[in-house]
Amino acid sequence: MVAFGKRLKERQIQEWQGYYINYKLMKKKVKQYAHQIEVGTIDRPKVLKNFSRMLDNQIEKIVLFLLEQQGLLASKLTKLGEQQDALEERPQISKITELREVYRGVGHDLLKLLFFVEMNAIGLRKILKKFDKRFRYRFTDYYVKTRANHPYSQLQQVFKHVGLGAVVGAVSRNLHELQDRQGSYLSIYDSPSLPLQDPVVDSINAAVDRLTHSTNFLNFMAQHALIMQEELPAPIEQRIDEEKYHFMSLLLNLANTFLYMVNTYIIVPTADNYSMSLGAAATVCGIVIGAMAVAQVFSSVYFSAWSNRSYFRPLVFSSIVLFMGNALYALAYDLNSLTVLLLGRLFCGFGSARAVNRRYISDCVPLKIRMQASAGFVSASALGMACGPALAGILQTNLKFYKLTFNDVTLPGWVMAVAWLVYLIWLWFSFKEPSRVFVENNSPLASNSEKAEKSKLEKDIKQPLLITSEEKKEDDEDPEADESEEAPDEFRQPATSMVSAYRLLTPSVKVQLLIYFMLKYAMEILLSESSVVTTYYFKWSTSTVAIFLACLGLTVLPINIVVGSYISNMFEDRQILLASEIVVCIGILLSFNIIIPYSVPQYVCSGLIMFVSAEVLEGVNLSLLSRVMSSRLSRGTYNGGLLSTEAGTIARVIADATITVAGFFGQSQLLNITLLPSLVICVTSIVATCCTYNSLY
């Protein structure tokens, strides 16, 4: 294990060594202060004051050097501008080519400066994190809040690179002006969408995008979607060409996500009645609902693999299979066949293309809007979850057309079949398949000279400055280690099987997958048995059950807004994680029917507590998971998104099977029998969380 301070020293640009954050000195001071407090030779307020002053001095040193380098770059650009003006009067091809190379050299210097800022920002984050761990004090919150908006604070200069933005604009504009535009008189300002075919500009924009990545809420929502991406990609990250980005194709992926979630939950309020109308017990609804999840366990894998080659064909296949599945679901009533009903739900599960939807966003959406697209994925899922039961509550017609019956149990199938048919037509005419070369490389094909340029730039910049996300992952998991050694290329390839993907999981990641399994199990029990339980205890109608489930679904987005914008800024993720697990456990305990007669307020309040806390838990858990999971699981067929999907899907399958098995003991025992495994799993996850993070901290 190589310490971050040593690695930082190795990767520094030699002539800039004295201007980087002195991480080694500050780490030594943290240990010294800890010892002095332990023996009583210094008090905590004195430590906070001294350490704050030291940080201020370090940041001031970085910022002043940054301003100095910006001034040097500005001087170079001014002189180059004068030369460019002279060439406008007497153009010479050789001089223009030479001037363009000089501008590229300035671009190289600018890229080094951007990574200088990034390295120091990482060092600052790490030393603040180390101080908080050693003294168990939220010093980071105090330091950032007191200096974030103060007029004399230089902290924001490290993160708000206004001066650098002006230099980026000057380099980009002048390189654009020096391009062969074949007689065009348009400037970069007249047509901002014109592509700049220059690898230096691409690399600079990629670096700037990382420094201005997202707002808190969008970041939280995107991590909720678990669309894996490396936090610090290579400096020569091949940026997605915006010309290849197709908004309508993204919209079609989000529409697929929405419709699939509607399809999943639209049958929940009526599944028990449908089962009884076919001569089965009401609790068979567990198998009816869970059949879709069973098929999804397998469909997630083949759709993930299929997305390596195409996005359009999997979506077409998904739409056709879902159309057939919903048609079979609706026809089962007139055929009086439980087998056809289950077959229809299995078909619906085999059409689950959520792996394709996630993969499209991570591979084909430009970095600067990827966070918004990921948040849109979560929002579409939440909206579908709310609309499904609400739509079921509206579909209360009862009529017969020829030999087909349209009533409250068959209409969800017919409506979704029509919806998928309309979607298929829209998809066929509007989706644009991305170029496979582009998808695999995340950039258009470059010319030989451009490839040589990128290779040279990578050689100059990557080795001394790059910190990999693999290293960041190690740091997050081991508080005593600052940074792991950079893994050789052969050990950074994507996982090639579920077994190899599982071997990449660390103990803390396994615990977080257990938490994800637990919350999906608890939520599935609550939602899937709601119709049976409320009918037995409270004689609720289908419309009442639908309203209850829709209200639960409508809490998803507001809860994510509150957590992403406020709670996550007030508490550490691991604190929110443990607190949410405990509240889920309380909700489960309150749901048991033990002594007093079971009442509507008890059921509604306990269900709301369980569901809301599980939603908070899901967001925070996936947020942590996306940060500590191996970067090798951020790409390929067997990626982190697939692992989490499989864990959640298996949980749903087991939960639905539990409902059906519990039905053999009678509806009076259904609630308590199904809640008992939820309680056991929840307590286990709480113990595992405490043990894992206590061992780390």
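Helices here are DSSP runs of H or I, at least four residues long, numbered from the N terminus. I am working from a predicted model.

**Entry: helix α23**
I started with helix α23, which covers residues 530-538. What does K539 do just after α23? I found that K539 takes a positive phi of about 60 degrees there. Within the helix, I listed the buried residues as S530, S531, V532, V533, T534 and F538.

**Entry: cysteines**
Next I went looking for disulfides, and a search of the whole structure turned up zero. As a reminder to myself, a disulfide covalently joins the sulfur atoms of two cysteines. Why does C682 have no such bond? Its closest cysteine sulfur is in C585, and I noted a distance of 4.4 Å. That is too far for a bond, because the cut-off for a disulfide is 2.5 Å. I also checked the cover on C682: this residue is buried, with a relative accessible area of 0%. C387 is partly exposed, because its relative accessibility is 29% and buried means under 20%.

**Entry: a nonpolar patch**
Then I turned to the surface. Which residues form a nonpolar patch there? My list reads I320, F323, M324, L421, I425, W428 and F429, with about 720 Å² of accessible area together. Helices α13 (312-335) and α17 (411-430) each give the patch at least two residues. The largest share, four residues, belongs to α17.

I picked out M324 for a closer look. M324 sits in helix α13, and I logged this methionine as partly exposed because its relative accessibility is 37%.

Note on methods
Residues numbered from 1 in each chain as written. Predicted model: local features only at pLDDT ≥ 70, side-chain atom pairs only at ≥ 80, totals over all residues. Heavy atoms only, no water. Buried < 20%, exposed > 50% of the residue type's maximum accessible area, 1.4 Å probe, protein only. Patch = residues over 30% accessible without salt bridge, like charges linked within 9 Å, V, L, I, M, F, W, Y side chains within 5 Å. Areas by Shrake-Rupley, 256 points an atom, 1.4 Å probe, with all protein chains shown as cover. Salt bridge = Lys/Arg side-chain N within 4 Å of Asp/Glu carboxyl O.
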